[in-house]
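Biologist: Please take a close look at a single part of this model and explain, for a first-year student, how that part is placed within the whole.

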Amino acid sequence: MSYTTRSTIYFDSPGPANTADAAACAVARAEEAGCSTIVLASTTGSTALAFLPLVQKAGLRLVVVTHVYGFRAPGVWEFSAEAAATLKAAGATVVTGTHVLSGVERAFARSAKVGGGSRTEAVAEALRRTVAVGLKVGVECVLIAADQGAISIEDEVVAVGGTGSGADTVCVIKPSYTASFFDLQVREIAAMPRVR
């Protein structure tokens with residue numbers, strides 16, 4: 001029988017206090033797994049800027065996935081324009097795309113006329129509740145990045161997400177496009193909060 005043994009970090013609690021350790025873990029796992037790209041969720045840009053020096057030093061590619069315009073307030077993009085400029089100047093790719101595990105489905109679920117949950121939201125909630133919020137975020141960011149052409153679906157990537165803000169979950173994913181969601185594979189979990 002053939003197998004691989006790798007370590008997993010279990011954070012005592014979720015949240016932004018884990019960001020520096022998650023960044024170190026992501027870079028180490030990318031090098032260990034032979035991944036050249038880290039896909040990272042970042043709402044304002046601060047998490048991406050925290051990852052940038054380590055990713056650059058390792059010679060890895062950084063793809064940052066942000067919220068869409070209007071996510072929290074109409075017409076507002078939460079990502080810092082200065083952070084975007086710094087990241088792009090450093091060679092990072094910044095992708096803004098609709099949350100594929102909610103998107104228009106959330107509008108139907110919140111509607112008083114339609115109401116009720118959707119299958120898409122059930123998938124998102126299952127990932128959040130049974131594994132980690134950051135896993136749901138990482139999976140979603142990989143789908144968004146693939147749909148936008150920012151990553152290839154042929155090569156594994158290290159995906160990083162968090163709970164609320166910062167980073168606390170690191171995984172290795174074989175990407176897919178949203179339209180072929182069930183081709184996506186979470187192949188390794190390198191770090192996650194143990195208690196959520």
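Modeller: Helices (H or I, at least four residues) and strands (E, at least two) are DSSP runs, numbered from the N terminus. The model is predicted: local features need pLDDT of at least 70 and side-chain atom pairs count only at pLDDT 80 or more, while totals for chains, interfaces and linings use all residues. Residues are numbered from 1 along each chain as its sequence is written, and side-chain values use heavy atoms, with hydrogens and water left out.

The part chosen here is helix H6, residues 133–147. H6 lies across six strands: strand E2 (37–41), E3, E4, strand E5 (157–163), strand E6 (165–174) and strand E7 (185–193). Relative to E5, H6 runs at about 130° (axes are lines fitted to C-alpha atoms, for helices over the stretch in contact, and angles run from 0 to 180 degrees between N-to-C directions).

H6 also has a helix as a neighbour. Helix H5 (residues 119–130) packs against H6 at an angle of about 135°, and the two axes are 6 Å apart. This angle makes H5 oblique to H6 (angles under 35 degrees count as roughly parallel, over 145 as roughly antiparallel, 65 to 115 as roughly perpendicular and the rest as oblique). From H5, the contact (heavy atoms within 4.5 Å) is made by Ala124, Leu127 and Arg128. From H6, the contact is made by Val133, Leu135, Lys136 and Val139. By class, five residues of this contact are nonpolar, none is polar and two are charged (Ala, Val, Leu, Ile, Met, Phe, Trp, Tyr, Cys and Pro count as nonpolar, Asp, Glu, Lys and Arg as charged, and the others, Gly among them, as polar).

The strands that H6 lies across belong to an open sheet of seven strands, in the order E1-E7-E6-E5-E2-E3-E4, with mixed pairing (two strands pair if DSSP finds at least two bridges between them). At the edges of the sheet are strand E1 (9–11) and strand E4 (93–96), each of which pairs on one side only. From one strand to the next, the twist averages 30°.

Several pairs show what mixed pairing involves. At one edge, E1 and E7 run parallel and are joined by three bridges; there, phenylalanine 11 stands opposite proline 193 in E7. E7 also pairs with E6, in the antiparallel sense, over five bridges. In that pair, glutamine 185 of E7 is the bridge partner of lysine 174. At the other edge, E4 runs parallel to strand E3 (residues 61–66), and four bridges join the two. Here valine 65 stands opposite valine 95 in E4.

Further helix contacts may be set beside that of H5 with H6. Helix H2 (residues 46–58) packs with helix H3 (residues 81–89) at an angle of about 20°, and their axes lie 10 Å apart. That angle makes H2 roughly parallel to H3. Ala48, Leu49 and Leu52 of H2 meet Ala83, Thr86 and Leu87 of H3; by class, this contact has five nonpolar residues, one polar residue and no charged residues.

H2 also takes part in a contact with helix H1 (residues 19–33), where the axes come within 10 Å and cross at roughly 35°. H1 contributes Thr19, Ala22, Ala23, Ala24, Ala26, Val27 and Glu31, and H2 contributes Thr47, Ala50, Phe51, Leu54, Val55 and Ala58. This contact of H1 with H2 has 10 nonpolar, two polar and one charged residues.

Finally, the whole chain may be considered. The protein chain has six helices and seven strands. From the N terminus on, its elements run β-α-β-α-β-α-β-α-α-α-β-β-β. Taken along the principal axes, the C-alpha atoms fill a box of roughly 50 × 45 × 35 Å.
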